[in-house]
Amino acid sequence: MNEQHTQHPHESKEDGHGYGIYILVWLGLLTLTGITVAVAGINLGGLTVATALIIASIKSYLVLTIFMHLRVEQTAFKVFVIVALFFVIISFVLLFSDYSFIQDSDV
Amino acid sequence: MSQAAVIHTNGHTSYLEHKGKYSGLKSWIFSTDHKRIGILYLTGLLTFYAVGVVFGFLIRLELIAPGRTIMDAQTYNSIFTLHGVIMIFLFVIPGLPAVFGNFFLPIMIGAKDVAFPRLNLLSWWLYITGGLLAIISILLPGGPADTGWTFYIPYSIRTGTNVLFTMFAAFLLGFSSILTGLNFITTIHRMRAPGMGWFKMPLFSWALYATAWIQILATPIIGITLLLIIVERVLGVGLFDPALGGDPILYQHLFWIYSHPAVYIMIVPAMGVVSEIIPVFARRTIFGYKFIAFSSIGIALFGSLVWAHHMFAVGMSDTGQFVFSLLTFLVAIPSAIKVFNWTATLYKGSIQLDPPMLYALAFIFLFSIGGLTGVMQGALSVDIHITDTAFIVAHFHYVMFGGTGVGIFAALHYWMPKMFGRMYNKKVAKVAFWFFFIGFNTLYFPMFVMGWLGMPRRYYDYLPEYTIYHQISTVGSWILILGLIIMFTNLIRGMRKGPKVTEKNIWGGETLEWQIETPPTHENFAEIPVITEGPYEYKQNEPEYEEAVSHEENGKGKEFK
Amino acid sequence: MSIPAPFTGKTEHEAHAHRDDIASRMGMWLFLFTELLLFGGLFFLYSVYRYENKEAFHDAARELDTLIGAFNTAILLTSSLTMALSIAAIQKNKKMLSVVFQMITVALGLGFMINKYFEWSLKISHGLYPKSEVMLSLDHGEIIFFGLYYVMTGLHGLHVLVGMVLISVMTNFTLKNIINRDNYVKLEAAGLYWHLVDIIWIFLFPLFYLIT
C-alpha cells in the first residue's frame, strides 16, 4: 500500500472476456429499473418507496463494484466508501431523530 | 515573500532560493512546492487575522458602554458578522492544516511533496479569492452582510446586504478546504517513507488525517446549503423560505451538520501540534501514543454526530434533543483522553519553558475551560438558560481562540525558525505570551459571568447592570491586542532580521523535520529515509535510559541509539 | 503543447518515475465522496419535506412523465456501460474502439440533456417555474416539490455537462496516445466521475418520477 514507484495499471483480470461482465451488469440494471417502474404502479403505500430505494441501492452496488472497479481495488477504497456511506446514513438517522418525533407539528 | 532572505545552509540551497521555472513573485504564486504554498497561506492567514482582530477590537469598543458608543446598530451587526466569517473561514479553519500541514506533513512522513501539488496550489488560489470576495463585500453597495456568520433563515433571504458575496466567498473557501483534505488523505496513505507504518507516524499527521476526513465529508453539506440560499435569493425557489413552505429549522440542521464538525477541523490539528510540542519540551516520550492517535479519529467521528446541540432552544422534538445531548457528552471523552495523556507526559519530564511550550501549556489550560463549559452547555436544562448569551461567546472563544488560536501561535514559535532559518527573541516572545494570556482571560472570562446573568449575544445595547463586565472585557481586549502586537512584531522581525539558525535540530525533536536542513531544501530529503523507530523516542527521563546510562558509567556499556 | 504529467508536479522525467495510479484513483474517489455529500444534503432536504408533505408531493409528481424519466434512466445506465467498455477496450490496446465508446457515452449524455431540456420546457410552458403566478398559487408542499425538482435535476444536469466535457477531453487524450494501454488512469478517473453521476440519477429517478 506504500509503493512510491511506477504503478503498473492493474491487469484486467478478465482479459479474455473483459466486456462480458459489463454487459451482463447493464442488463441487470435495466431489468431492475423495469421492476422499479412496475412496482411503482402497484400501490403498496410506504412499501413502494422502500422497495424503490432498495432496488436503487442494489443498482448502485452493481455500478460501484463492477463499473467502478471497487471489487478489484485495494481494501482501503472499500473502507472509504463504507465510511462515507456511514456518515450519510447516520446524519440522516439523527436528522430524523428530530423530525420523526415532533409532537405538535402543524405542518 | 519579498523579504525572504537568501540563506545558504552548509552549502545547500534552501527552498527559499530554489530556482524554478519562474522568478520573483511568480515563483511564489505559481509554485507547487508545498513549503512555499504553506508560506503563501501564512501570509494570507495573518493578513485576514489582522482584519478580524480589528473587527473584534471595534466590537469591544462599541460594547464598553451601553447604547451607541462608536457605531450604529446596523454597522454593529455587520461588524460581528464579518468578524465571525473572517475568523472562522479565513483563520481558524484553514489555519493549521493549510500552513503547517502543507509545510510539514510531507516532511514528517518522509515525502518530497504532497500527492497532488498542483491541486494544492489551486487550494491556495481558492482561499485567496474567497478571502478577497469577503473583504470586497464590505465595500460594495448594500453594505456587508449583517446576518451573523450563521446566515439564519429567514433573515438571510430577506436582508438587502451583500449576503450573496459573503456566501459565495464561504463556498470557495469550503472548496479550498475540501481539496486540502483530499490531498492530505492521499498523501498519508500513499507517500509515507519506507518503514513508517501508521503507528510510527507523528501525531500531527494523525491529527491532519482525522481532520481531512471531516473536511471531505462535512464541508460539501455547507456547500450545498450556501448554494441553496444563493439560489433562493436569486431565483426564489422556496426551499427554505417559510412564506413558500420552507422550514427554517431544516436550514439550521443543514448548516450545523457542517459547522459543528468544522470546529473539530479547527481543534484537532491544534491538539496535534500540542502532541508534538509536549514531548520535545518535556524530553519524554508521549504517554499513550495510540490513545492519542485513535482519539483524533474518535473526535472526528463523534463530533459529526452532535450538531443539533446548537439548536436546543429552537423547537426540536424531545427525542432529538435527548439524543444530541447524550452524544455531546460522549464527544468530550476523546478530548479528555488527550488532556490526560499530555499531562501524564509532563510528569517527571524535564520541562523547558521555551515559547512553544508556554503556548502548548496555555492551550491545555484554556481548552480545558472551553471544553468543560461545552459539556455544561450540552446539558439541556442548562442550555435553555444560557443559549444565545455571552456565555456561549466565552465558550467558543476559549476553545477556538484559546484552543486553536493558541495552537497556531505555538506552531509559529515552534516551526518558524525551521521554516525561515532565523530565530526570534525568546524573551520578548515570553513577554508577549503573558500579555496575551492575561489579556485573553480578562477579555473572555467576564463573558461567562455576564452570560450566566442573562447578557444576550450579538446585542448592540444592554442593561446597565452588565456594564462592569463589559468594561473589564474591553480592557482585556486591549491587553490581548498589545500582546498580539508584541508577538507578531517579534516573529516578523525575527524571521526577517533575526540571528540565522543553521542547526537542523533547533529544539531537540525526534520527528523528521528536525533531521533535515534549516531551512529545508527544495526536495526536503536528499534521499528518502528508511524509518526504524517511532517519532518520540526520547531516551532521557525514561527509566530504561537512566539505567543504561548508569550501567555504561559502571563500565557495562550498553548500546543505546 | 507539452504532455501533461501525472499529478506529481515534478519534471517530466521524475513524474514518470514516481507515477502513482492508485493515488490518482484515490484522489478521485475522495472527490466523489464530496459529490455524494453535496447531493446528500439535497436528499436530506427531500426526505424531510416529503415526510412532512406526503400528499402534496404525490400530487405534484403527477406533472412528471414516468416514461420519459425511465427512458432517461436507461440512457444514463447505457452510458455507464459504454464508459466501462471504453476502459476495457484501452486495457486491450483497442484505441479506436475505446474512442468510439467514449464518444457514444458523450452522445448518450447529450441525449439525456436534450430530454431534460424538453421536460423543463414543458413545465415552464405550463407556468411551473419558481416565483411564477402558477407556482405561487400551489400548495406549499407542491412549491417545495418543484423547488427540489428544479434544484436537484438542475444540479445533476450541470454535473452531466461537466462529465461530458471531461470525457471529451479524455477522448482527445486517447486519440493523441496520452491515454494508452500503459497509462489510462485519467480515463478511469473520468469514468468514476461519470458513474457517480449515474448513481445520483439512479436515486433521483424513483424519488421524483415514481411516487404517484
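**Close-up 1. The two domains of chain A.** In this predicted model, chain A is assigned two domains: domain 1 covers 19-68, and domain 2 picks up at 74 and runs to 100. Take the centres of domain 1 and domain 2 of chain A over their C-alpha atoms, and you get a separation of 21 Å.

**Close-up 2. Where chain A meets chain C.** Here 32 residues of chain A sit against 41 residues of chain C. Which helices of chain A each bring at least two residues to the side that touches chain C? They are α1 (20-41), α2 (46-67) and α3 (75-99). Of these, α1(A) puts in the largest share of that side, with nine residues. As for the chemistry, the side of chain A that touches chain C counts 22 nonpolar residues, nine polar ones and just one charged.

**Close-up 3. Where chain B meets chain C.** Now swap partners: this contact draws 32 residues from chain B and 29 residues from chain C. On the chain B side, the elements giving two or more residues are α5 (117-139), α7 (163-190), α8 (203-235) and α9 (248-282). Keep an eye on α8(B), as the largest share of the side of chain B that touches chain C comes from there, at 10 residues. Sort the residues on that side of chain B by class and you find 20 nonpolar, nine polar and three charged.

How values were computed:
Residues numbered from 1 in each chain as written. Chains lettered and ligands numbered in written order. Predicted model: local features only at pLDDT ≥ 70, side-chain atom pairs only at ≥ 80, totals over all residues. Contact = placed C-beta atoms within 7 Å. Helix = DSSP H or I, 4+ residues; strand = E, 2+ residues; numbered from the N terminus. Nonpolar A, V, L, I, M, F, W, Y, C, P; charged D, E, K, R; others polar. Domains from an automatic or database assignment.
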